[in-house]
Amino acid sequence: MDQNKLKRHHVMRSLILAGITALLAYLIMSETLSHYLAPRLHMFSYVTLVILALLTIVSIRQIFVGSSVYDCDCEEQHKVPRTSVGSLLVYGLFVLPIVMGFVMPDKILGSDVAEKRGITLLSNDVRKLADVTANANASATENVKQTAEVKEDAEPKVESQPEATNQVATPPVQATNDEQLRQRFSNGGFGDFYADIAVFLHKQPVIELNDKVFLDGLTTMELYAKEFAGKELETMGFVYRQPDFTKQQFVVARFSVTCCTADSSVYGVLVEKEDANKWAKDSWVKVRGKLELRQVDGYDMLVLKASQVEAVSAPKDPYVYYSFEAAPDS
C-alpha cells in the first residue's frame, strides 16, 4: 500500500485513541465516572486509562517511523480499509461515541427509567427470605417439641422436693438496652448481619437512611417492619410517581448500581403528605417523618408519613450500593 495513504490511517487511528483516552480522563477528572460505573470498578478504569495512553503514544510514533509492510503475521485479517466509504464506516463507529461523550450532557437516571424498570418498595427476595425463614423456624420448633415429648415419655418422672423456706432467690440479671435490642431482633432468624443493622438503626432517635446504609437499611426495615413502625426516619432521594398514586403520595427513590447503570434497579420509600403534589417529578428532596405500618398483599409495609419535605441538590454520586459495613461498630 502507498505509504502516504497508510500514514493517513495511522493518523486517524491515533486521533481515535487520543479521543477515547481524553474522554475517559475527562470522566475521571470531572468525577462523573460514577454516573456510569460503580465505584468498585473505578480502579479498572484507571488501569485502562494508562493502557490507552501507552497505545496512543505507540500509534503516534508509528506515524513518524512508518512501516514497510502493514501486517501482524495474520495474513489479510487486519488490513486497512481500501475505500473511502469503508474508512468512513469503520472509523465512524469509533468517532461517534467519542463525539457523543463530549457533546451530550451527563444525566443521571430518573423517573423515565424507573417507570420502565419498575420500582421496588417491598423486595421479592426479602419476602421469600421471610417466608422461608418462618417455615424453617416453624419446622425447627415442631421438631424440638416432638423430641421433647419423646424424651419426656422415655424418662421416668421424678417428683420435685420441697425447697427450704429460708433459701434466698437470686434476682435475675438485667440486660442492657443493647442486649435487649439484639435479643429482640435475633429472634427473627434473619442472621447476625441484619440483626446488627436493625440494632444500629433502632438505637437512633431519628433513623438516618443515608447513602451508605440505604439499601441494607431498607431491607432490614422490611424484615422487621413491626419493630420499626412508629420510628422517625430521614432520607433523601428523587421524587417518583406512578399514575395510580394519589395527590398526597410520591416515592423518595434511589437507583442501585451493581456494576454499571445498565444493571441498575430502583428502590424507595412511599411518602404521604398533604401537599405532596407540589414536588416536581425527578426533583431531589430530603424527607423526614414517622413510619406507619400497612398491610399489602398479606405483607407488612412501612409508609413514611412526612412531617418535613425540603428541596436539596442531587449528590455528586446519585446512586447507592450494597455495603458489607452498613452497621458500624458502636
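In which helix is Thr56 found? Thr56 is found in helix H2, and this briefing on a predicted model starts from that helix before turning to helix H3, the cavities, the cysteines and two loop residues. The structure holds 3 cavities of 30 Å³ or more, and it holds 0 disulfides.

**Helix H2 and its buried residues**

- Thr56 is buried, because its relative accessible area is 9%, a value under the 20% below which a residue counts as buried.
- Leaving aside residues up to four places away in sequence, Thr56 touches Ser14, Leu17, Ala18 and Thr21.
- Ser59 also has its place in helix H2, which covers residues 42-65, and Ser59 counts as buried because its relative accessibility is 9%.
- When residues up to four places away in sequence are again left out, the contacts of Ser59 are His10, Arg13, Ser14 and Leu17, so that Ser14 and Leu17 appear in the contact lists of both Thr56 and Ser59.
- As a general point, an α-helix has 3.6 residues a turn, so residues three or four places apart point the same way.

**Helix H3**

- Helix H3 runs over residues 84-103, and at Gly92 this helix bends by about 40 degrees.
- The residues of H3 that are buried are Ser87, Tyr91 and Ile98, and helix H1 (3-29) is included in what covers them.

**Cavities**

- Among the 3 cavities of 30 Å³ or more, the largest has a volume of about 130 Å³.
- This largest cavity is lined by 14 residues, of which Leu121, Leu218, Glu222, Val269 and Leu302 are the closest to its centre.
- Helix H8 (214-223), strand E5 (265-272) and strand E7 (299-311) are the elements that each give two or more residues to the lining of the largest cavity.
- Sorted by class, the lining of the largest cavity consists of 11 nonpolar, 1 polar and 2 charged residues.

**Cysteines**

- Why does Cys259 form no bond with the closest cysteine sulfur? The closest cysteine sulfur belongs to Cys260 and lies 6.4 Å from the sulfur of Cys259, which is too far for a bond, because a disulfide needs the two sulfur atoms to be within 2.5 Å.
- Seen from the other side, the sulfur of Cys260 has its closest cysteine sulfur in Cys259, at 6.4 Å, and is therefore too far away for a bond.
- Cys259 is partly exposed, because its relative accessible area is 29%, and Cys260 likewise counts as partly exposed, because its relative accessibility is 26%.

**Loop residues with a positive phi**

- Glu31 is found in the loop between H1 and H2, and although Glu31 is not a glycine, it has a positive phi of about 60 degrees.
- Is Glu31 buried or partly exposed? Glu31 counts as partly exposed, because its relative accessibility is 45%.
- Asp282 is found in the loop between E5 and strand E6 (284-296), and its phi is near 75 degrees, a positive value in a residue other than glycine.
- Asp282 counts as partly exposed, because its relative accessibility is 31%, a value that falls between the 20% limit for buried residues and the 50% limit for exposed ones.

Conventions
Residues are numbered from 1 along each chain as its sequence is written. This is a predicted model: local features need pLDDT of at least 70, side-chain atom pairs count only at pLDDT 80 or more; totals for chains, interfaces and linings use all residues. Side-chain values use heavy atoms; hydrogens and water are left out. On a 1 Å grid over the protein atoms alone, a cavity is a set of points where a 1.4 Å probe fits but cannot get out, and a pocket is an open set with protein on both sides within 12 Å along at least five of seven lines; lining residues have an atom within 4 Å of a point. Grid points are joined across faces, edges and corners, and a volume is the space filled by probe spheres set on the points. Helices (H or I, at least four residues) and strands (E, at least two) are DSSP runs, numbered from the N terminus. Ala, Val, Leu, Ile, Met, Phe, Trp, Tyr, Cys and Pro count as nonpolar, Asp, Glu, Lys and Arg as charged, and the others, Gly among them, as polar. Buried means under 20% relative accessible area, exposed over 50%, partly exposed in between (1.4 Å probe, protein chains only). Contact means heavy atoms within 4.5 Å. The bend at a residue is the angle between axes fitted to the seven residues ending there and the seven starting there.
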